[in-house]
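Grab a pencil and work through a few short exercises on the structure below. Each one sets a task and then walks you through a solution.

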Amino acid sequence: MIFTGLLVGGVLGLVLQRGRFCITGAFRDLWVSGSWRWMTAFLLAVAVQAVGVALLTATGAITPEVPTLSVVATAAGSLLFGVGIVLAGGCATGTYYRAGEGLVGSWFALIAYAGTAAASKTGVLAPVTTWVKGLWTTQLTTIPAAFSLPDWVGVLALSAGVALLVRWQRRLAANRPVTLQLAPQRTGLNHLLFERAWNPLLTGVLVGLVAIIAWPASWASGRHDGLGITTPSSNLVGWLVTGDESRLDWGVLLVLGILIGAHLSARASGEFRVRVPSATVIRRSIAGGLLMGVGAAWAGGCSIGNALVQTSLLSWQGWTALVFQVLGVGATAYFTLIRPRNQRRAARAAGASRPTEHLENSKAASAVVATR
Amino acid sequence: MRTVLETEGLVCPFPVMEAEEAMADLTTGDELVIAFDCTQGTQSLPAWAADNGYTVTEFAKTGEASWTITVRK
C-alpha cells in the first residue's frame, strides 16, 4: 500500500507548484512587507487539516500520537530551520517543488538538507541530536490538554481565529483587486489547472485537504503519521546509500511524488526551465540546506511535519516550532533583506538631497573599511 | 517614460524588492517593465502592484518559465 504515497505526493506537488504555495514566503512576508496574505492561506491549511484529523480520530480511523515537547530541541532546531529556509529560498516542500521546476539552487539545497537530515537522525550527528533532545524534556502533549480541555475545544478556537483572519484578508483583497491577469490561451480544465492563477486561500484549503487524505493513506501502509518531509528525506538518503529496503516507506514515496508531481505540473504549464543561479546564491542555498536538515532533525519536524501537521494536532511541539521558525525567518530576513533595503533607501535619500561629493566620500569610507 | 528591469535569475522575494526600488526612482505616470523567470512572481508581482495601487498595463508569458509585467506608477 505504500504506492499511494506517490499519488498523494504527486497531487501535493501539483497543488504547491501551481498554487505558488511557499511557506518561507508566508513567514518572510510578515517581516519584509507586513503582509498576512500567505500566512492566512497557510493557517487555513492548518485549520482545515485540524478539523479533518479531529473527525478521522473521532471515527477511530486513525489514532495520532502526539509527541511530548522537548523545549530546547524544538525551539533551537526550529530557529536554525527558520534561518536555513530564508538562505535556501524555500522550506522543505518549497525546495522539493522548486527543484521540480528546474531551479538549480534548490537542487543544491535539497541535497544538503536531505544529507544533514540523515546525518542528524541516523548518522554521525545523531548523538548531538539525542543530546539536544534530552536537554529540557517535558510531559506536554497538546495545548488543550495542558488546560484540562478536550482537543475539540482547541480545534474550534483555531477554526474561529483562522475564520477571522480569512475574513480580514478577503476584505483587503476585495479593496485592492489585481487588475490584469495573464491572457488565457487554453480552455477548460487545462486552463483551470495549468494556466489560471490560483487564489492563495483556495490553495490553502487544497493543501489542508491533501494533508487530511495523507493520514489514512499513510496509516493503511503501516506508517502511523501524516504528511512529513524530513524523516522521509532522511530515509530516502538512507535507502539510496545502504539499499536497506525497510527504509523505503510511504513517506519516501511521498517526497519523490512531490518532486515528480511538481515537475510534471511545471512541464504541463510551460513553467519548467533549468535555471542556474549565481555562485553566491548556490553558496547560500547549500548553507541554508545544511541548517534545515540539522534544525528539522533536532525539532522533530520541518515546516510540514511541525508547522503544518503537528500544529493541526494542537501539539506544543508544533506551535512552539511554528513560532521559532517565524522568529528564525524574521532574524535572517532582517540581516539579508530588510537592513540592506533600509541602507539603500537611506543612501538614495542622501544622494537626492546632497551633491555627489558626499556619495563619493561614503564610497571611499566603505572602501577603507573593506581593506582593513 | 518606460523603464525596463531585468530580474531573470532572481528568485522570490528579490524581483519584488528590485521592482520596489526601481519604482522609487520613477515619477507618477511612468511605466516599469519587469522581466522575470521566478514562477512565484506571477502571483507576487501583480499582488505587489495591487497592494501599492499601481495599475498593471501589460502581463505576458514570453516563453518557458519567463514573463514580463508592465506596471504604471
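**Exercise 1. Decide whether A:Thr336 is buried or exposed, and find what surrounds it.**

Step 1. Start with the number: A:Thr336 has a relative accessibility of 17%. The cut-off for buried is under 20%, so A:Thr336 counts as buried. Keep in mind that you're looking at a predicted model.

Step 2. Place the residue: A:Thr336 sits in helix α16 of chain A.

Step 3. Look for a polar partner. A polar atom of the A:Thr336 side chain lies 2.8 Å from the backbone oxygen of A:Thr332.

Step 4. Now skip the neighbours within four places in sequence. That leaves A:Val86, A:Leu87 and A:Arg284 in contact with A:Thr336.

**Exercise 2. Describe the contact between chain A and chain B.**

Step 1. Count the residues: chain A brings 29 and chain B brings 31.

Step 2. Turn to area. The two chains bury about 2700 Å² between them, with 52% of it on carbon and sulfur atoms.

Step 3. Check the polar side of things. There are 16 residue pairs in polar contact between chain A and chain B, both residues being at pLDDT 80 or more.

Step 4. Ask which helices of chain A take part. α2 (23–32), α3 (37–58), α5 (92–101) and α16 (316–353) each give at least two residues to the side of chain A that touches chain B. The largest share, five residues, belongs to α16(A).

Step 5. Sort that side of chain A by residue type: eleven nonpolar, five polar and 13 charged.

**Exercise 3. Track down salt bridges that cross from chain A to chain B.**

Step 1. Recall the idea: side chains of opposite charge can pair when their charged atoms come close. Across this interface there are eight salt bridges, while the structure holds 13 over all chains.

Step 2. Try A:Arg176 and B:Asp51, whose side chains meet at 3.9 Å, N to O. A:Arg176 is in the loop between α9 (151–175) and α10 (188–194) of chain A and B:Asp51 is in helix α2 (residues 41–51) of chain B, so the pair joins two chains.

Step 3. Next, take B:Asp37 and A:Arg273, with the closest N and O atoms 3.4 Å apart. B:Asp37 is buried at 5% relative accessible area, whereas A:Arg273 is partly exposed at 29%.

Step 4. Finish with B:Glu21 and A:Arg344, 2.8 Å apart at the closest N and O atoms. This pair runs from helix α1 (residues 14–24) of chain B to helix α16 of chain A. Salt bridges with shared partners link A:Arg344, A:Arg348, B:Glu21 and B:Asp25 into one network.

**Exercise 4. Work out how the rings of two aromatic pairs are arranged.**

Step 1. The whole structure has six aromatic pairs over all chains. One of them is A:Phe27 with A:Phe42, an edge-to-face pair with 5.6 Å between centres and 90° between planes.

Step 2. A:Phe27 lies in helix α2 of chain A and A:Phe42 in helix α3 of chain A, so the pair ties together parts 15 residues apart in sequence. A:Phe27 is buried at 0% relative accessibility, and A:Phe42 is buried at 0% too.

Step 3. For B:Phe36 and B:Trp67, the centres are 5.5 Å apart and the planes at 20°, so this pair is stacked. B:Phe36 belongs to strand β2 (residues 31–36) of chain B and B:Trp67 to strand β4 (residues 66–72) of chain B, so the pair ties together parts 31 residues apart in sequence.

Terms used:
Residues are numbered from 1 along each chain as its sequence is written. Chains are lettered from A and ligands numbered from 1 in the order in which they are written. This is a predicted model: local features need pLDDT of at least 70, side-chain atom pairs count only at pLDDT 80 or more; totals for chains, interfaces and linings use all residues. Side-chain values use heavy atoms; hydrogens and water are left out. Contact means heavy atoms within 4.5 Å. Buried area is the accessible area (1.4 Å probe) that two parts lose on being put together, summed over both. A salt bridge is a side-chain nitrogen of Lys or Arg within 4 Å of a carboxyl oxygen of Asp or Glu. A polar contact is a pair of N or O atoms within 3.5 Å; within protein, one must be able to donate a hydrogen and the other to accept it, and residues adjacent in sequence count only if both atoms are side-chain atoms. Helices (H or I, at least four residues) and strands (E, at least two) are DSSP runs, numbered from the N terminus. Ala, Val, Leu, Ile, Met, Phe, Trp, Tyr, Cys and Pro count as nonpolar, Asp, Glu, Lys and Arg as charged, and the others, Gly among them, as polar. Buried means under 20% relative accessible area, exposed over 50%, partly exposed in between (1.4 Å probe, protein chains only). Rings of Phe, Tyr and Trp (its six-membered ring) pair if their centres lie within 6.5 Å; planes under 30 degrees apart count as stacked, over 60 as edge-to-face and the rest as tilted.
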